[in-house]
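Work through the exercises below with the sequence and the model open. Try each task before reading its solution.

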Amino acid sequence: MECRNRVLAKGALTLLAIACSGSVLAAEAFSSESKWMTGDWGGLRTELLEKGYDFTVDYVGEVAGNLHGGYNDDKTARYSDQFALGMHLDLEKILGWQDAEFKLAITERSGRNLSNDRIADPRTGQLSSAQEVWGRGQTWRLTQMWVKQKYFDGALDIKFGQFGEGEDFNSFPCDFQNLAFCGSQVGNWVGGVWYNWPVSQWALRVKYNITPEFFVQVGAYEQNPSNLETGNGFKLSGSGTKGAIIPVEMVWSPKVNDLPGEYRLGYYYSNAKADDVYDDVNGRPQGITGNDFKSRSSKHGWWVVAQQQVTAHEGDSSRGLSLFANFTVHDQATNVVDNYQQVGMVYKGAFNARPKDDIGLAVARIHVNDDVKKRAEQINTANGISDYENPAYLPIQRSEYNAELYYGIHVTNWLTVRPNVQYIKSPGGVDQVDNAVVAGLKIQSSF
């Protein structure tokens, strides 16, 4: 039996790897079998995990280039990325607090977005985004800081602290690069009140597991627009709060032919004041009068999410075809986007030589409120402008369509690379903008 010391190139720690008869050395840095690029730190990382300490550094980078069409067809490429530094503590192992845990995450975003200056008319912007990791300020943010406690053998689950709605409500994976297929879709279309990752706010979430397959949950989230500001990434005070957003959701996770599925039905209500998109203070068309918008006392909407694996690949349930769909409906009086639909599929392990690779295909429709379109028409008429090329013209928005096809290459257990092709019809919902073809590359890695 023999022991030897190893030095990790990117760290100052001296790591000890122990080899015993019948055992395997701790994964080294850059090992394809390790979950982490920096390896198991000579076994120290696994030891920390067993004691309740989990430290993570995750990275997402996205490249997008316009191949054809868009508002500006001058060919270029843009790069955006995000680092996320995390710590998860099992408080039962560390402090003896039964069924309790703590999570902290700090994120940093940087880069540029192709959608802003190539794909969409700057007067409207793209409704979705060719690079989902861009947005909410290219800055450092406190993204998670919460404590979770379970009661009654795990039936009741309470989480309190700083976090976003999409962690628990209307949740959806984020393997696609186009925003219309990534994460909580409600937050993409009512972003003024529902703040997706990486923005956080004071929040409380209560979940009750009725059966192993079915639970209900309700939350209360601070609705504070100042949290969106670049300089407020670590703001903890409640100054600037306008109200609260209350989401409720039922989640059913059945197995169909021993294959997993998840179905979500939810509703949100915000008691913060919101401007009408069409009426002025006197109930007349604001696009004609030019008066202040009518203030509404609240806004609301609902969603449906369905995900179901439908096949197993040669009897292996870790591989096979999964189908998914997302639908959201929003307040007709106050929201620019009043409804959204998305459908798609992911096939994991289609090829025996690449059992951990995946293929994804999805399409989405984002519909702009008809009242927004009518108001723009009224403003153009009042200004005597009908020429789309006139800089003062207000483009008419209808529906934007997005599609993406990707192939996910599982390079190692800590690195996945997903080249993709996106097609955007009527960017920003503006029919005069040429349909765009975008080539993308999404990199996901865990250090």
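The exercises that follow concern a predicted model.

**Exercise 1. Classify two aromatic pairs.**

Task: Decide whether the ring pair Y59 and F83 is stacked, edge-to-face or tilted. Then do the same for F160 and W202.

Solution:
- Step 1. Set the scene: the whole structure holds 17 aromatic pairs.
- Step 2. Take Y59 and F83. Their ring centres are 4.7 Å apart, within the 6.5 Å limit for a pair.
- Step 3. Check the planes. They meet at 50°, neither under 30 degrees nor over 60, so the pair is tilted.
- Step 4. Place the residues. Y59 belongs to strand 3 (residues 53–70) and F83 to strand 4 (residues 77–90). With their positions 24 residues apart, the pair links distant parts of the chain.
- Step 5. Add accessibility. Y59 has a relative accessible area of 12%, under the 20% cut-off, so Y59 is buried. F83, at 30%, is partly exposed.
- Step 6. Turn to F160 and W202. The centre-to-centre distance is 5.9 Å and the planes are 25° apart, which makes the pair stacked.
- Step 7. Place this pair too. F160 sits in strand 7 (residues 156–163), W202 in strand 8 (residues 201–211). They are 42 residues apart, and this pair also links distant parts of the chain.
- Step 8. Finish with accessibility. F160 is partly exposed at 48%. W202 is partly exposed at 28%.

**Exercise 2. Find the rings with company.**

Task: Which residues form one aromatic cluster? Which ring faces have a lysine over them, K159 and K207 being the lysines to check?

Solution:
- Step 1. Collect the cluster: F172, F176, F181, F324 and Y406.
- Step 2. Check K159. K159 lies over the face of F163, at 4.4 Å from the ring centre.
- Step 3. Check K207. K207 lies over the face of F215, at 4.6 Å from the ring centre.

**Exercise 3. Describe the surroundings of V218.**

Task: Is V218 buried or exposed, or does it fall in between? What does V218 touch?

Solution:
- Step 1. Locate V218 in strand 9 (residues 214–223).
- Step 2. Read the relative accessible area: 35%. Buried needs under 20% and exposed over 50%, so V218 is partly exposed.
- Step 3. List the contacts, leaving out residues up to four places away in sequence. They are F169, L204, R205, V206, I246, P247 and V248.
- Step 4. Compare with V251, 33 residues from V218 along the chain. The two C-alpha atoms are 11 Å apart.

**Exercise 4. Characterise the disulfide.**

Task: How many disulfides are there, and which cysteines are joined? Is the link left-handed or right-handed?

Solution:
- Step 1. Count: one disulfide.
- Step 2. Identify the partners. C174 is joined to C182, with an S to S distance of 1.6 Å.
- Step 3. Take the angle about the S-S bond. At -70°, the link of C174 and C182 is left-handed.
- Step 4. Look at each end. C174 is partly exposed at 27%, whereas C182 is buried at 6%.

**Exercise 5. Map the second largest pocket.**

Task: What is the volume of the second largest pocket, and which strand gives the most to its lining?

Solution:
- Step 1. State the volume: about 360 Å³.
- Step 2. Examine the lining of 21 residues. Closest to the pocket centre are P173, Q307, S322, V346 and K348.
- Step 3. Name the elements that give two or more residues: strand 12 (259–270), strand 15 (299–309), strand 16 (320–330) and strand 17 (337–348).
- Step 4. Pick the top contributor. Strand 16 gives the most, with four residues.

Note on methods. Residues are numbered from 1 along each chain as its sequence is written. This is a predicted model: local features need pLDDT of at least 70, side-chain atom pairs count only at pLDDT 80 or more; totals for chains, interfaces and linings use all residues. Side-chain values use heavy atoms; hydrogens and water are left out. Rings of Phe, Tyr and Trp (its six-membered ring) pair if their centres lie within 6.5 Å; planes under 30 degrees apart count as stacked, over 60 as edge-to-face and the rest as tilted. Buried means under 20% relative accessible area, exposed over 50%, partly exposed in between (1.4 Å probe, protein chains only). A charge sits over a ring if NZ of Lys or CZ of Arg is within 6 Å of the ring centre and within 35 degrees of the ring normal. Contact means heavy atoms within 4.5 Å. A disulfide is a pair of cysteine sulfur atoms within 2.5 Å. On a 1 Å grid over the protein atoms alone, a cavity is a set of points where a 1.4 Å probe fits but cannot get out, and a pocket is an open set with protein on both sides within 12 Å along at least five of seven lines; lining residues have an atom within 4 Å of a point. Grid points are joined across faces, edges and corners, and a volume is the space filled by probe spheres set on the points.
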